[in-house]
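Please open the model in your viewer and keep the selection tool at hand. The tour moves from one selection to the next, with a short account of what is there at each stop.

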Amino acid sequence: MRSGAGAMRGPSRSSDDSAPYARPNLSNDYLAGIGPDEWMPLRSPDYYSNQLIGLELNARALCIDVGKKQVYTASGKTYAFDRLLLAMGADPVKLPIPNASESNSFYLRSYADGRALLREPHRQSQGVVFHLDNAVTRLEGRMAVLKSGARVEADFLVLGVGVRPSVALAE
Ligand SMILES: Cc1cc2nc3c(=O)[nH]c(=O)nc-3n(C[C@H](O)[C@H](O)[C@H](O)COP(=O)(O)OP(=O)(O)OC[C@H]3O[C@@H](n4cnc5c(N)ncnc54)[C@H](O)[C@@H]3O)c2cc1C
């Protein structure tokens, strides 16, 4: 779109706190601890300035006034637009498990999620076991109680239960 006829120039805003990166890297080398942070950005800062892309991070859009052609962000800013491209991806499905919290349950969708997992001190001290055809019904202390009745001791949970399209802004 930026190089074709009638090429668009303008700002690119994301609610993410990091410049664009490839999410598949999060579940491979980065999480394994063998992919350094320097590998994560898809492009150098120069790329965005050379392409006249004003990259703005931590800029969550809250609502759009189509009539006025304005976007309102969580930080209180208002932006006018001629044409608006919405590409909001998806949000992870979050399970309503009793007693699950940010300190014992992790999601892996963003670079920030990956960094939080890497900070978790117990991640290399335990082997990984898949409990297939089962589900966590609740947490009791350090125990995850499964649908089968089995109780599994765990330092923390990694929740990967799919995503929902992030369409709220366009509704
Ligand atoms: C760990 C992991 C591994 C994966 N591995 C693979 C793989 O191996 N192969 C594969 O094909 N796919 C893989 N995927 C899926 C793939 O990453 C997604 O399909 C892809 O990221 C979707 O791209 P997208 O641009 O549509 O959405 P996203 O990458 O989600 O980008 C959406 C952007 O919109 C921003 N945004 C959302 N709402 C707002 C708002 N209100 N205001 C401002 N900005 C907003 C977000 O911050 C984000 O920057 C993986 C995903 C993950 C999480």
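What follows is a walk through two sheets and the surroundings of a ligand.

Before selecting anything, please keep in mind that this is a predicted model, in which local features need pLDDT of at least 70, side-chain atom pairs count only at pLDDT 80 or more, and totals for chains, interfaces and linings use all residues. Residues are numbered from 1 along each chain as its sequence is written.

**First stop: β3, β4 and β5**

Select residues 61-65, which form strand β3, together with residues 70-73, which form strand β4; strands here are DSSP runs of E with at least two residues, numbered from the N terminus. β3 and β4 pair in the antiparallel sense over 4 bridges, where pairing requires that DSSP finds at least two bridges between two strands. To see one of these contacts, select I64, whose bridge partner in β4 is V71. The hairpin of β3 and β4 has 4 residues between the strands, and K69 in this hairpin takes a positive phi near 60°.

Now add residues 78-80, strand β5, which pairs with β4 in the antiparallel sense over 3 bridges. V71 is worth keeping selected, as its bridge partner in β5 is Y79. In the hairpin of β4 and β5, again with 4 residues between the strands, G76 takes a positive phi near 95°.

Seen as a whole, this is an open sheet of 3 strands in the order β3-β4-β5, with antiparallel pairing. β3 and β5 are its edge strands, each pairing on one side only. Neighbouring strands of this sheet are turned by 20° against each other on average, direction ignored, with the angles taken between N-to-C directions on a scale from 0 to 180 degrees, along lines fitted to C-alpha atoms.

**Second stop: β8, β9 and β10**

Move on to another open sheet, in which 3 strands follow the order β8-β9-β10 with antiparallel pairing. β8 (136-140) and β10 (151-153) stand at the edges with a single partner strand each, so one side of each is left without a neighbour in the sheet. On average, neighbouring strands of this sheet are turned by 25° against each other, direction ignored. Select residues 143-146, strand β9, to find the 3 bridges that join β9 to the antiparallel β10; A144 has V152 as its bridge partner in β10.

**Last stop: the ligand**

Which residues are the closest to the ligand? They are R23, P24, A61, M88 and G89, among the 19 residues that surround the ligand, counted when the C-beta atom, placed from the backbone, lies within 6 Å. By class, this shell has 9 nonpolar, 5 polar and 5 charged residues, where Ala, Val, Leu, Ile, Met, Phe, Trp, Tyr, Cys and Pro count as nonpolar, Asp, Glu, Lys and Arg as charged, and the others, Gly among them, as polar.
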